Amino acid sequence: MRALDARGAVWSVRGTHLINETDRSALELQSDLPCPMTPVWALHFDDDDRGYALLSGRLYVRPGPNAPFRLTPLCTDVRGAPWSHLAQGGFGLVTTPPRAGGRSLLLTNDRQGAMGWYAVTALEPSITDAILDADRSMATLSSGGHLVVVDQRRIVAGEVLATRSELFAGLRRTSAGVLAWRDASPTRRVIVSADSLGGEFARAEGEHPASRTLAVMRLDLARVVALTDRGVELSVDNGERYERVLDRAISDDDGARAGAGWLPDRHPAVALPDGVATDDCSPSNDLPDGGAR
């Protein structure tokens with residue numbers, strides 16, 4: 001896996017080691033018994049540089065930019081971003097309790113995330129993807145791909161109208177917002193996105209080169225990046241049109257483990273498991289090979 005933190009540093013996971021490729025430091029992550037569920041892999045950093053890693057479903061959290069990643073006792077097989085730092089401190093995770101079935105929202109008040117987790121509510125058992133917010137608001141894909149939002153601030157819940165009750169394939173969060181996507185055809189993609197879970201969701205249907213979509217992420221208010229089985233695509237009009245900017249094969253696993261963000265000096269970038277794609281073609285010491293692609 002690779003991801004970009006809020007300061008533009010490139011991070012990767014190799015085996016049990018978490019590596020900061022920008023300053024060339026490495027941390028061996030504590031191991032535990034394997035999770036008794038389908039493995040999920042993810043690496044993500046909040047705007048304040050708190051970090052989250054799912055290694056074969058086991059959750060690790062970094063409570064602050066200068067803190068190490070810490071092992072939690074929890075596992076999940078939910079995709080998306082089913083974790084969050086909570087507004088009052090502590091963390092939350094959407095998970096599947098062993099042998100219990102269904103889904104649950106688990107919380108802890110421990111500011112390190114290492115102990116004290118407890119379930120607060122049962123969730124729809126068909127949830128495949130979830131995004132959890134600091135106020136416990138949540139967006140999920142359930143019942144085959146229906147996008148449902150529970151807004152804890154305004155105390156409302158239901159399916160997002162902009163989806164028109166269509167089924168969506170995936171759900172992602174970046175610092176620019178939340179986005180769900182589906183392929184309407186091999187050359188047409190539908191996205192529904194919002195700046196935040198409490199914001200207004202807008203729909204866009206865009207043409208793109210023939211491909212199968214693996215993941216879609218917002219970079220800012222106008223730019224959307226799509227990872228497909230044939231390369232990386234970029235939209236500069238929030239999903240109305242896409243252009244393939246990197247022509248290469250990407251596997252389903254690599255697409256699921258990729259991230260998007262910004263390198264220093266505001267260069268948009270996609271962090272793939274085997275490297276970082278960016279629009280900056282000048283030599284750089286920020287990447288391990290001394291240059292960008």
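# Briefing on a predicted single-chain model

Confidence in the chain is highest in strand S20 (residues 188-194), at a mean of 97, and lowest in strand S17 (residues 156-159), at 82, where pLDDT is the predictor's confidence in each residue, from 0 to 100, and strands (E, at least two residues) and helices (H or I, at least four) are DSSP runs numbered from the N terminus. Over residues 283-293 the pLDDT falls below 50, although this stretch still has 22 contacts in the model beyond near neighbours in sequence, a contact being heavy atoms within 4.5 Å. Where pLDDT is low, the predicted coordinates should not be read in detail. For the chain, the mean pLDDT is 88, and 93% of the residues reach 70 or more.

This is a predicted model, in which local features need pLDDT of at least 70 and side-chain atom pairs count only at pLDDT 80 or more, while totals for chains, interfaces and linings use all residues. Residues are numbered from 1 along each chain as its sequence is written, and side-chain values use heavy atoms, with hydrogens and water left out.

**Disulfide**

- The count comes to 1 disulfide, the term standing for a pair of cysteine sulfur atoms within 2.5 Å.
- Cysteine 35 and cysteine 75 form this link, with their sulfur atoms 2.0 Å apart, and the angle of -75° about the S-S bond makes it left-handed.
- The pair links distant parts of the chain, 40 residues apart, with cysteine 35 in the loop between strand S4 (25-28) and strand S5 (42-45) and cysteine 75 in strand S8 (residues 70-75).
- Both cysteine 35 and cysteine 75 are buried, that is, under 20% relative accessible area, where exposed means over 50% and partly exposed lies in between (1.4 Å probe, protein chains only).

**Sheets**

- One open sheet of 4 strands has the order S5-S6-S7-S8, with antiparallel pairing, two strands being paired if DSSP finds at least two bridges between them.
- In this sheet S5 and S8 stand at the edges with a single partner strand each, so one side of each is left without a neighbour.
- Neighbouring strands of the sheet S5-S6-S7-S8 are turned by 20° against each other on average, direction ignored, with axes taken as lines fitted to C-alpha atoms (for helices over the stretch in contact) and angles running from 0 to 180 degrees between N-to-C directions.
- S5 and S6 pair in the antiparallel sense over 4 bridges, and leucine 43 has alanine 53 in S6 as its bridge partner.
- Another open sheet of 4 strands follows the order S18-S19-S20-S21, and its pairing is antiparallel.
- Strand S18 (170-174) and strand S21 (202-207) stand at the edges of that sheet, each with a single partner strand, so one side of each lacks a neighbour in the sheet.
- From one strand to the next, the twist of the sheet S18-S19-S20-S21 averages 25°.
- S18 runs antiparallel to strand S19 (residues 177-185) and is joined to it by 5 bridges, and arginine 173 stands opposite valine 178 in S19.

**Nonpolar cores**

- The largest nonpolar core holds 29 residues, of which Trp83, Trp117, Leu147, Val160, Leu171, Val192 and Phe201 touch the most other members; such a core is a set of buried Ala, Val, Leu, Ile, Met, Phe, Trp, Tyr and Cys residues joined through side-chain atoms within 4.5 Å.
- The strands that each supply at least two residues of this core include strand S6 (51-55), strand S7 (58-62), strand S15 (138-142) and strand S16 (146-151), and the largest share, 3 residues, comes from S20.
- Leaving aside neighbours within four places in sequence, leucine 147 is in contact with residues including Ala139, Leu141, Val160, Leu171, Ala180, Val192 and Phe201.
- A second, separate core of 21 residues includes Leu179, Trp181, Val225 and Tyr242.

**Individual residues**

- Valine 94 lies in strand S11 and counts as buried at 0% relative accessibility, and its C-alpha atom is separated by 4.6 Å from that of leucine 105, 11 residues apart along the chain.
- Threonine 95, also placed in strand S11 (residues 91-95), is buried with a relative accessible area of 4%, and, not counting residues up to four places away in sequence, threonine 95 touches Cys75, Thr76, Gly102, Arg103, Ser104 and Leu106.
- Arginine 50, in the loop between S5 and S6, is buried with a relative accessible area of 18%, and, not counting residues up to four places away in sequence, arginine 50 touches His44, Phe45, Arg62, Pro63, Gly64, His85 and Phe91.
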